[in-house]
Amino acid sequence: MTTIPNDPFYITTPIYYVNAKPHLGHAYTTIAADVARRFHRLKGVPTYFLTGTDEHGDKIDEAAKKENTSPQEYADKISALFKDLWPQLNISNDDFIRTTEPRHKTVVSRVLQEIYDRGEIYYSEYEGLYCVGCERFYQERELVDGLCPDHKKEPKRIRESNYFFKMSAYQNWLIDHINQNPNFIRPKQYRNEVLSFLKEPLEDLCISRPKTRLTWGITLPFDENYVTYVWFDALLNYVSALGYPDGDAYKTFWPYAQHIIAKDILKTHAIYWPTMMKAAGIPLFKSLNVHGFWNMGDSKMSKSLGNVANPLSLKEKYGVDAYRFFLIRDMVFGLDSNFSEEAIVQRINSDLANDLGNLFSRVIAMSLKYFDGTVPAWDDDEDKAHSLSLAVDAEEAIRDYLESMEVFAFHKGLAAVFKFIGRMNKYVDETAPWDLAKDKKLEPRLKTVMYNLLEGLRIVAGLISPVMPDTSKTMLKHLGFDDSALEITLADLQSWKSLKPGSPLSKVKALFPRIDVKSAKEPASETPSAAAPVESVPSALKTPLKPEITFEDFSKIDLRTAKVIKAEAIPKADKLLKVTVDMGEGVERTLVAGISKFYTPEDLLGKQVIIVANLKPAKLMGQLSHGMILAATDDDGLCTATFDRDFTPGSQVK
Ligand code: ME8
């Protein structure tokens, strides 16, 4: 069994290149880092979360040239797209670093000078194979059919004088470090990959670019004719953002640093970065957590291939929590995953709408019906009947969840939570509260069953909070927690029966409405033009927008103005009113509307409304309804759509 440490936690994402706008791949890594951060916050340890943008080098220089702008202006524009995206995906980063900031440049110069002074950097002529996409020289053996394995392009042969870092001198030390620290690179297939790469001799690393070829970079502190190689500059962001070497954040958090990256940048993080730190006298990070690629079709989703999914439009369409949940649940951390909208819809419908959403609505609705709108008290004797308790299942779920989340196996952590949700759904069927409610003598049993379910849902709300923070809060509010108590801790989760009998419960609308499978056919992915940022459209909509329709689709709906001339209650129907309107047809029209909780018949008399006039008539509580009155709902209730001046009945609304 893994022990769950209580150390502080520092998590970083890669700093993303600003040569194109963010896509789903960047969103995944950043959400995964956010989940790790929120999980540690749940544990109650001090946490710090860094992300940012990587702004120097050939790639950015080239992208800016294509746009006829300066690299700085270009970097400002794209960096802002990343920075503005994160709050919309509920990312809780503490800092956002840009490599063009003075605080970063100072640290890069300082570390370079330190390594230079220690005699670990030398000057030499070099001829090698250079991939502009990767911004690095390749060794022949690393190429696949003579092409860069990532960019599928032939590298350029370049000969020039440059500065080199004596990376080869650290090869044996690095192998020993990896062997002695099993968690240094994980999951283990990536650790093995690095160890196998290190079986061949490591070459020294070219860390400069002559200004005759590239000026967009940080000038070397010991030779002003050169700029720093972009990776030597970028990797240092992880310490520069903390205020290396004297900053408080550096002292508090650096000893607990963990990085998340995808496998494309494994070598730079597992080989360049540790050897650089060793040479500069910086202590090493604790763990490098490596995930696979989101693929689209058969190839990696990437800006250079142009097959990317836009994180914002997907979030708008499905809601931020469902989107986060899908990404974290569907990708086995470490392996590749295939993206499709059908997969999102399937996940939402089966796990969120069916398993979690239905359970939550049913349990709350039953509790409201059987009790006085509050959490019931359990009965000790009933509770001792072991078969009635969910405590053991909850304990097992929490244990499995902790073990998995601790090692970044987030998919497994969520699977443990959903196993518990499945158990609760079975428990509802086994205990059949609706039968218990029929017999007054069984009331203690009914109360105990419902208490267990409500308490189980409190545990679920806590466990999902790192992945679906908004849903967690919504659930807790319905379970009677007030706004100041919505940040649940692990200690709260580990004490079964913390939910207080008597807490007020409140009615739930569906947590996750089922999604029509057809809507998944409307793609939220796109073919971007490289380096063409699009504006991000912020939205705070509670229910995601429905898929786009054409004007032709819309014009099939016949909306008309009408005036209410009569309204009356329908016996035994507690929500419905029978409404008679004048729609200018020469005869009266009768409709049935589910609005009696919000309007009395008198309120409606004389009201001008909008009718969906060509809706197929339907029978409701024995009354035929010829159309529907348009109304909107929000947290405060329902309101019919009306006009601000007297209008001719029967006019078309477009
Ligand atoms: O490499 N699937 O920046 P970058 C999963 N600036 N994750 C993906 C992905 C995909 N299809 N595509 C991108 C750089 N990512 C450097 C990093 S760090 C000191 C410097 C994510 O903009 C994943 O995290 O190319 C990957 O490692 C990163 O974006 C690469 O981002």
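This passage walks through some strands, one helix residue and the cysteines of a predicted model.

A good place to start is a small group of paired strands. Strands of a sheet are held to one another by backbone hydrogen bonds, and the pairing can be parallel or antiparallel. In this model, an open sheet is built from 3 strands in the order β10-β12-β11, and the pairing is antiparallel. The edges of this sheet are formed by β10, covering 208-210, and β11, covering 219-220, each of which pairs on one side only. Between β10 and β12 (residues 223-228) there are 3 bridges, and these two strands run antiparallel. One residue pair helps to locate the contact by eye: Pro210 has Tyr226 of β12 as its bridge partner.

A second set of pairings involves strand β5. This strand, residues 121-131, is joined to β7, residues 156-165, by 10 bridges, and the two run antiparallel. Along this pairing, Tyr130 is found opposite Lys156 of β7. Strand β5 also pairs with β6 (residues 136-138), again in the antiparallel sense, through 3 bridges. Here Leu129 has Tyr138 in β6 as its bridge partner. The connection from β5 to β6 is a hairpin, with 4 residues lying between the two strands. Within that turn, Glu135 has a positive phi of about 55 degrees. When following such strands on screen, it helps to remember that side chains in a regular strand alternate between the two faces of the sheet.

Turning from strands to a helix, Asp400 belongs to α15, which spans residues 391-406. Is Asp400 buried, partly exposed or exposed? Its relative accessibility is 28%, so Asp400 counts as partly exposed, since that class lies between the 20% limit for buried and the 50% limit for exposed. Asp400 and Lys199 are 201 residues apart along the chain, and their C-alpha atoms are separated by 36 Å.

The cysteines complete the picture. How many disulfides does a search of the whole structure find? The search finds 0. Cys206, for example, takes part in no disulfide, and the nearest cysteine sulfur, belonging to Cys131, is 15 Å away. A disulfide calls for two cysteine sulfur atoms within 2.5 Å. The surroundings of individual cysteines can be described too. Cys206 has a relative accessible area of 6% and is therefore buried, as buried means under 20%. Cys639, with a relative accessible area of 44%, is partly exposed.

Definitions and conventions
Residues are numbered from 1 along each chain as its sequence is written. This is a predicted model: local features need pLDDT of at least 70, side-chain atom pairs count only at pLDDT 80 or more; totals for chains, interfaces and linings use all residues. Side-chain values use heavy atoms; hydrogens and water are left out. Two strands pair if DSSP finds at least two bridges between them. Buried means under 20% relative accessible area, exposed over 50%, partly exposed in between (1.4 Å probe, protein chains only).
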